[in-house]
Amino acid sequence: MRIGFKGEDIRERLFLATGMMPELAVVPFISMVVNNAFFTAQRLGIFTLLERGPQTAEAVAEQAQADEHAVQVLLEALTGFGYLQRRDGTFELSRAMRKSLSGRSAEMARSMLEFAPDVARKFETLDEAVKTGDVADFHFNPVNADQWGHYLTFLKQSAGRPTKAIVDKIELENPRRMLDIAGGPAMYSIAFCERYSELESVILDLPESAREGEEEIKKAGFENRISYVVGDIFTTDWGTDYDLALLSNMLHCFKVDDCRTIIKHAYEALNAGGTMIVNEPGFPGKDEQIDTFAAFTSLLYFTVTGGRTHPTPSIETWLKEAGFEGVKRQKGGNQVQVIGRKPK
Ligand SMILES: C[S@@+](CC[C@H](N)C(=O)[O-])C[C@H]1O[C@@H](n2cnc3c(N)ncnc32)[C@H](O)[C@@H]1O
């Protein structure tokens, strides 16, 4: 994946190819306007209004309780950017937008549409965060009352394929007890319990994730096999006697020292011979090429939590330091799993 402009006509393509249009300077400027048009439309509920059918700018302004002139400008801009189309003085969702919201990945697209404007609020404070290194972790300082709902829907949507990739690809010898550290709305615990019929799982997480996860556990019929320990992982009791510990998409919420502490803690909670799985987006080691997806995830995680996507080789080192043996990595979905065993 690479972000860039293709050029809408031959003239623009020529300008880009010859460098007369300096792409790396133009991309942030134009995409800033596109992004903000998108976020404002979503926050004002304009996409939802237009999903019901074509409407005039006047009607949209009235329902969104907004200024008619400003709404007209915004709707025209969204038309130019490909989100809307106009016909007979009305605006409606473009074919591409309707396809995104009704195709195979519709739920994923909707969850991004809802969650991205919340994340954008955090990016407004990036200058200060980079200067000071301090970020108000959005798990403890939500940007608005809806953030948790949007975030949890997004987590459930994005868990789908990776859970399958992990559960199907990693062979375990009938684990009995699993510790799902910051297990979110239970998607991974449910997938593991579906695969291993004797497995019980304990999920550590904050109250908001636990409330949502308990609904998912009920739907899956696993109330007797999956339970939560609710609270901050740094102050709750994790228990012991686990055969499997999963750390999925949570190291990126923390800085290096906390990551080492969490991995050591997981090592102590596991039985001899137990398996540790760390699941994170991949990030290259020093001097290797950083691709767009790795760059995207890392700055995103820093901006919302203060952490980052840690280099995969660092995660391998932390597991070895904690005492895990046979440490190896595999790729599943667009993420990487680092796996280690506590010696028998
Ligand atoms: C990105 S989500 C990962 C959820 C799930 N493991 C997955 O892979 O989809 C991070 C989770 O960590 C939880 N979390 C963040 N900080 C935490 C803390 N200090 N204590 C407990 N849970 C925490 C959040 O509530 C959230 O459910």
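**Notes on the predicted model**

1. Let's start with the inventory: the chain carries 14 helices and 9 strands. Keep in mind that this is a predicted model. Taken along the principal axes, the C-alpha atoms fill a box of roughly 70 × 45 × 35 Å.

2. On packing, 33% of the 344 residues count as buried. Look at contacts with a separation of 6 or more, and 64% of them come from residues 24 or more positions apart.

3. The domain assignment splits the chain into domain 1 (10-102) and domain 2 (147-341). Between the C-alpha centres of domain 1 and domain 2 there are 38 Å.

4. A small item from domain 1 territory is the hairpin of strand 1 and strand 2. Strand 1 (residues 84-87) and strand 2 (residues 90-93) run antiparallel and are joined by 4 bridges. One pairing to click on is Q85, whose bridge partner in strand 2 is E92. The hairpin has 2 residues between the strands, and D88 takes a positive phi near 50° there.

5. Now the sheet. It is an open one, built from 7 strands in the order 5-4-3-6-7-9-8, with mixed pairing. Strand 5 (226-230) and strand 8 (325-332) sit at the edges; each has a single partner strand, so one side of each lacks a neighbour in the sheet. From one strand to the next, the twist averages 20°.

6. At the strand 5 edge, the pairing is with strand 4 (residues 200-205), in the parallel sense and over 5 bridges. If you want a register check, I203 has Y228 in strand 5 as its bridge partner.

7. Further along the order, strand 6 (residues 242-248) and strand 7 run parallel, with 6 bridges joining them. Here the register can be read from L244, which has T275 in strand 7 as its bridge partner. How many of the 12 residues of strand 7 are buried? For strand 7 (residues 270-281) the count is 9, so this strand is largely enclosed by the rest of the structure.

8. F192 is worth a look too. This residue lies in helix 10 (residues 187-195). Is F192 buried or exposed? A residue needs 20 or more C-beta neighbours within 10 Å to be called buried; F192 has 24 inside 10 Å, so it counts as buried. Leaving out residues up to four places away in sequence, F192 touches V167, M178, L199 and S201. As for G221, 29 residues away along the chain, its C-alpha atom is separated from that of F192 by 14 Å.

9. Last, the ligand. Which of the 18 residues around the ligand come nearest? Those are A182, G184, S209, S248 and N249. Helix 9 (147-169) and strand 4 are the elements that give two or more residues to this shell. By residue class, the shell divides into 10 nonpolar, 6 polar and 2 charged. Strand 4 thus turns up twice in these notes: it pairs with strand 5, and it contributes to the shell around the ligand.

Definitions and conventions: Residues are numbered from 1 along each chain as its sequence is written. This is a predicted model: local features need pLDDT of at least 70, side-chain atom pairs count only at pLDDT 80 or more; totals for chains, interfaces and linings use all residues. Two strands pair if DSSP finds at least two bridges between them. Axes are lines fitted to C-alpha atoms, for helices over the stretch in contact, and angles run from 0 to 180 degrees between N-to-C directions. Two residues are in contact if their C-beta atoms, placed from the backbone, lie within 7 Å. A residue is near a molecule or strand if its C-beta atom, placed from the backbone, lies within 6 Å of it. Ala, Val, Leu, Ile, Met, Phe, Trp, Tyr, Cys and Pro count as nonpolar, Asp, Glu, Lys and Arg as charged, and the others, Gly among them, as polar. Domain bounds come from an automatic or database domain assignment.
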